[in-house]
Amino acid sequence: MASGKQVKIWNTAIKVRLYPTAEQAALLDKTFGCCRYLWNQMLADEREFYAATGQHFIPTPARYKKDAPFLKEVDSQALVTVHQNLMKAFKKFFAKPESYSYPVFKRKKNCKNAYTVYCQYYKSGNGSSIYLTENGVRLPKLGIVRARIHRRPLHWWVLKSATVSKAPSGKYECSLLFACPAKEQEPVRPKPERILGLHYSLQHFYVDSEGHAADPPHWLRQSQGKLAAQQSRLSRMERGSKRYQKQLRKIQCLYEHIANQRKDFVHKESRRIANAWDAVGVESGSLREMSRSLPLGNVMDSGFGKFRACLEYKLARQGKACIAVDKYYPSAKTCRHCGHINDGLTLREHVWKCPCCGQELAREENAAKNVREQAAILFF
């Protein structure tokens with residue numbers, strides 16, 4: 001790193017596909033179950049202690065190992081992480097009860113199978129508890145697990161933790177979190193013409209201030225026929241049978257494929273915009289609020305919230321700004337030529353004529369240009 005420049009630490013994750021042996025897969029499944037069991041036990045004891053004393057107290061994992069000796073068979077770091085996560089859940093609830101719900105018990109039926117272990121570095125031998133090999137990942141209690149590694153970390157990255165998860169389709173994955181020191185970029189002061197405005201579109205995902213629309217990423221709708229056929233076959237099978245489980249796995253794999261397509265589009269589109277523009281203005285309205293006036297399934301399936309989050313951090317790493325425009329700003333109802341606000345405009349009207357200046361406006365493109373102008377005002 002060059003002297004005189006501040007160094008900023010960014011967190012970057014590399015996700016790899018794991019191919020464990022039968023013994024390793026059995027231990028992974030046991031670890032998932034132990035984490036779920038420990039969460040439920042600690043939460044039950046916390047509720048009982050609060051009912052008796054009026055104070056909150058969460059026991060440590062060591063207390064349960066005597067009555068549940070199977071907890072000793074899995075990695076202790078995974079159990080410690082469960083304790084930390086439960087404490088964080090309570091802290092969030094007490095800090096913002098209107099935003100976070102009270103912690104609840106986990107069920108095997110609908111619980112996400114995942115656990116996190118933190119990397120420990122040893123002074124002797126300069127070793128660590130987690131590291132990448134040529135074709136695998138070394139994990140505590142498991143040894144080296146064969147993996148498909150598509151991306152290698154740079155030599156100055158520092159491994160912080162590893163999160164092992166199991167998808168509903170049965171695939172095992174490991175997300176490796178690295179701390180990446182990098183020179184802090186000088187803030188980019190954009191010119192007004194180098195600011196892009198984005199407006200959420202139910203039909204085109206978004207429309208920008210240049211008049212371009214993204215391809216509609218409604219993968220669930222595109223795969224609706226295939227899903228309907230697979231689900232129809234599932235409904236005619238006996239619940240719990242081998243054929244039922246096999247067909248259910250096909251449906252889960254199809255849903256997982258759709259989710260991967262959505263993530264791929266979101267990351268590629270946000271990267272393209274972050275590299276091409278100096279600043280981006282986007283409306284700050286939540287998708288949950290949008291779904292009250294728009295079809296719920298289409299809004300939630302689009303992944304626009306994930307897109308905004310990816311765009312924000314990718315711009316920040318380049319010293320660029322993602323400018324949030326107030327969600328109550330009437331971008332679609334305001335004429336960009338004269339500033340008249342058409343309160344009678346409905347969602348069904350994609351093209352409207354300004355009653356004040358007589359200009360004909362495309363609803364979504366006009367909204368995106370208004371977002372850009374408002375973002376330029378907020379920035380400067």
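**Pockets and helix packing in a predicted model**

Biologist: Happy to look at this with you! How do the residues lining the largest pocket divide by class, and which class has 20 residues?

Modeller: Bear in mind that this is a predicted model. The lining of the largest pocket has 13 nonpolar and 15 polar residues. The class with 20 residues is charged.

Biologist: Thanks! How much space lies in that largest pocket?

Modeller: The pocket is lined by 48 residues. Nearest its centre lie K15, S165, E173, N260 and K263. The space in the largest pocket comes to about 2100 Å³.

Biologist: Which element gives the most to the lining of the largest pocket?

Modeller: Strands β1 (7-19), β6 (158-166) and β7 (172-183) are among the elements that each supply at least two residues. Helices α1 (22-53), α5 (242-276) and α8 (304-316) do so too. With 12 residues, the element that gives the most is α5.

Biologist: Are α5 and α8 parallel or oblique to each other?

Modeller: Their axes come within 9 Å and cross at roughly 40 degrees. An angle under 35 degrees would count as roughly parallel, and 65 to 115 as roughly perpendicular. The crossing of α5 and α8 is therefore oblique.

Biologist: Nice. Is that crossing left-handed or right-handed, and which residues of α8 make the contact?

Modeller: The crossing of α5 and α8 is right-handed. From α5, the contact is made by V266, H267, E269, S270, R271, I273 and A274. By class, the contact has 8 nonpolar, 2 polar and 4 charged residues. The α8 side consists of K306, F307, C310, L311, Y313, K314 and L315.

Biologist: And how are α1 and α2 placed, parallel or oblique?

Modeller: Helix α2 covers residues 76-95, and its axis is 9 Å from that of α1. The two pack at an angle of about 40 degrees. That makes α1, relative to α2, oblique.

Biologist: How many nonpolar residues does the contact of α1 with α2 have?

Modeller: α1 passes α2 in a right-handed crossing. On α1, the contact includes T31, W39 and E46, while α2 brings residues including H83, N85 and F90. The contact has 3 polar residues and 1 charged, and the nonpolar ones number 12.

Biologist: Last one! How much space lies in the largest cavity?

Modeller: The count comes to 1 cavity of 30 Å³ or more. L27, T31, V74, D75, Y115, P140, K141 and L142 line the largest cavity, and they divide into 5 nonpolar, 1 polar and 2 charged. Its space is about 30 Å³.

Conventions. Residues are numbered from 1 along each chain as its sequence is written. This is a predicted model: local features need pLDDT of at least 70, side-chain atom pairs count only at pLDDT 80 or more; totals for chains, interfaces and linings use all residues. Side-chain values use heavy atoms; hydrogens and water are left out. On a 1 Å grid over the protein atoms alone, a cavity is a set of points where a 1.4 Å probe fits but cannot get out, and a pocket is an open set with protein on both sides within 12 Å along at least five of seven lines; lining residues have an atom within 4 Å of a point. Grid points are joined across faces, edges and corners, and a volume is the space filled by probe spheres set on the points. Helices (H or I, at least four residues) and strands (E, at least two) are DSSP runs, numbered from the N terminus. Ala, Val, Leu, Ile, Met, Phe, Trp, Tyr, Cys and Pro count as nonpolar, Asp, Glu, Lys and Arg as charged, and the others, Gly among them, as polar. Axes are lines fitted to C-alpha atoms, for helices over the stretch in contact, and angles run from 0 to 180 degrees between N-to-C directions. Angles under 35 degrees count as roughly parallel, over 145 as roughly antiparallel, 65 to 115 as roughly perpendicular and the rest as oblique. A crossing is left-handed if the near helix is turned anticlockwise from the far one by less than a right angle, and right-handed if clockwise. Contact means heavy atoms within 4.5 Å.
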